[in-house]
Amino acid sequence: MQHSVLIVEDDQDIAGLLQVHLNELNLHVDHVTTGEAALAQLAKQDYQIILLDIMLPTVDGLTLCREIKTKMPEVSVVLLTSKSSEMDRIIGLEMGADDYICKPFSYREFQARIKTQIRHIRLLQQSQAQSMQNSEQPQVLNFGALYIDPFSHEVRFQGEDLPLTATEFDLMVFFAKHPNQVFSRSQLLESVWGYDHSGYEHTVNSHINRLRGKLEKHAKQHVIETVWGVGYKLNAKSLAVAAL
């Protein structure tokens, strides 16, 4: 299956360069220049990945990111930012973006980032296809108050549904498969995002903070715990306590 990518970028030169690199990955690519045009295109066609420039005319990229992830949390949104806009990158991740790429960028890094998003999509599709073919219930992860269904992408905590983005879900599954094990930010980047690039630790930090915010609406203590100077872990004890 050929995956589809929507580029939302008002700079024609940058958009053209992105399209060349995406075509090399055998992806179907469409391009629009405004947020309004992006919403119109999303209403009539399905896309798996959206490359979204933050600096757009009229509707800015951050606002568009929030609207897309609210309506279509399963779609991967990758922000295109400048190296000087660190705060915009952090805000974008807080609004649900799955990743960001700094301009100017190397084509190798760009393609590596896109391949990571494709890998997440394919793993989900393979899991769903296998479960349907076998007519079996997929294996769920159940730890006290936490319930994760990898097939349906459903997460429940203390009986309440948690609306997670695709990357938040992958991060939650990874922690659930390794309870109480501590992972550094670089290990999480490599294991969940599929790459390890210095300077992108905010990607992990922002997703951890957003995931915590959703979990801790229902919990009295950290479910994902910080081990200072080392990294993060899923606190299995807190899940058992939350189930009581």
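Rings of Phe, Tyr and Trp (its six-membered ring) pair if their centres lie within 6.5 Å. The legends below describe close-up views of a predicted model.

**Figure 1. Aromatic pairing of Phe-105 with Phe-110.** Two aromatic pairs are present in the structure. In one of them, Phe-105 and Phe-110 are stacked, with 5.3 Å from centre to centre and 25 degrees between the planes. The term stacked applies because the planes are under 30 degrees apart. Phe-105 and Phe-110 are both buried.

**Figure 2. Aromatic pairing of Phe-174 with Phe-183.** A pair of aromatic rings is described by the distance of the centres and the angle of the planes. For Phe-174 and Phe-183, the centres are 4.7 Å apart and the planes enclose 55 degrees, a tilted arrangement. Phe-174 has a relative accessible area of 14% and therefore counts as buried. Phe-183 is likewise buried, at 6% relative accessibility.

**Figure 3. Arg-156 over the face of Tyr-147.** This view shows a charge placed over a ring. Arg-156 lies 4.2 Å from the ring centre of Tyr-147.

**Figure 4. Surroundings of Tyr-47 in a loop.** Tyr-47 belongs to the loop that links helix H2 (35-44) to strand E3 (49-53). With a relative accessible area of 5%, Tyr-47 is buried. Leaving aside residues up to four places away in sequence, Tyr-47 touches Ser-4, Val-5, Leu-6, Asp-30, Gln-41, Leu-42 and Val-75. His-3 is 44 residues from Tyr-47 along the chain, and the C-alpha atoms of these two residues are separated by 7.4 Å.

**Figure 5. Polar contacts of the Tyr-47 side chain with Asp-30 and Gln-41.** The side chains of Tyr-47 and Asp-30 make a polar contact of 2.5 Å. A further polar contact, of 2.7 Å, connects the side chain of Tyr-47 with that of Gln-41. Asp-30 and Gln-41 are also among the residues that Tyr-47 touches.

**Figure 6. Cysteine environments at Cys-65 and Cys-102.** A disulfide is a covalent bond between the sulfur atoms of two cysteines. The whole structure was searched for disulfides, and zero were found. Cys-65 has a relative accessible area of 0% and is therefore buried. Cys-102 is also buried, with a relative accessible area of 7%. Both values meet the criterion for burial, which is under 20% relative accessible area.

Terms used:
Residues numbered from 1 in each chain as written. Predicted model: local features only at pLDDT ≥ 70, side-chain atom pairs only at ≥ 80, totals over all residues. Heavy atoms only, no water. Disulfide = S-S within 2.5 Å. Buried < 20%, exposed > 50% of the residue type's maximum accessible area, 1.4 Å probe, protein only. Phe/Tyr/Trp six-rings, centres within 6.5 Å; stacked < 30°, edge-to-face > 60°. Lys NZ or Arg CZ within 6 Å of the ring centre and 35° of its normal. Helix = DSSP H or I, 4+ residues; strand = E, 2+ residues; numbered from the N terminus. Contact = heavy atoms within 4.5 Å. Polar contact = N/O pair within 3.5 Å; in protein donor to acceptor, adjacent residues only side chain to side chain.
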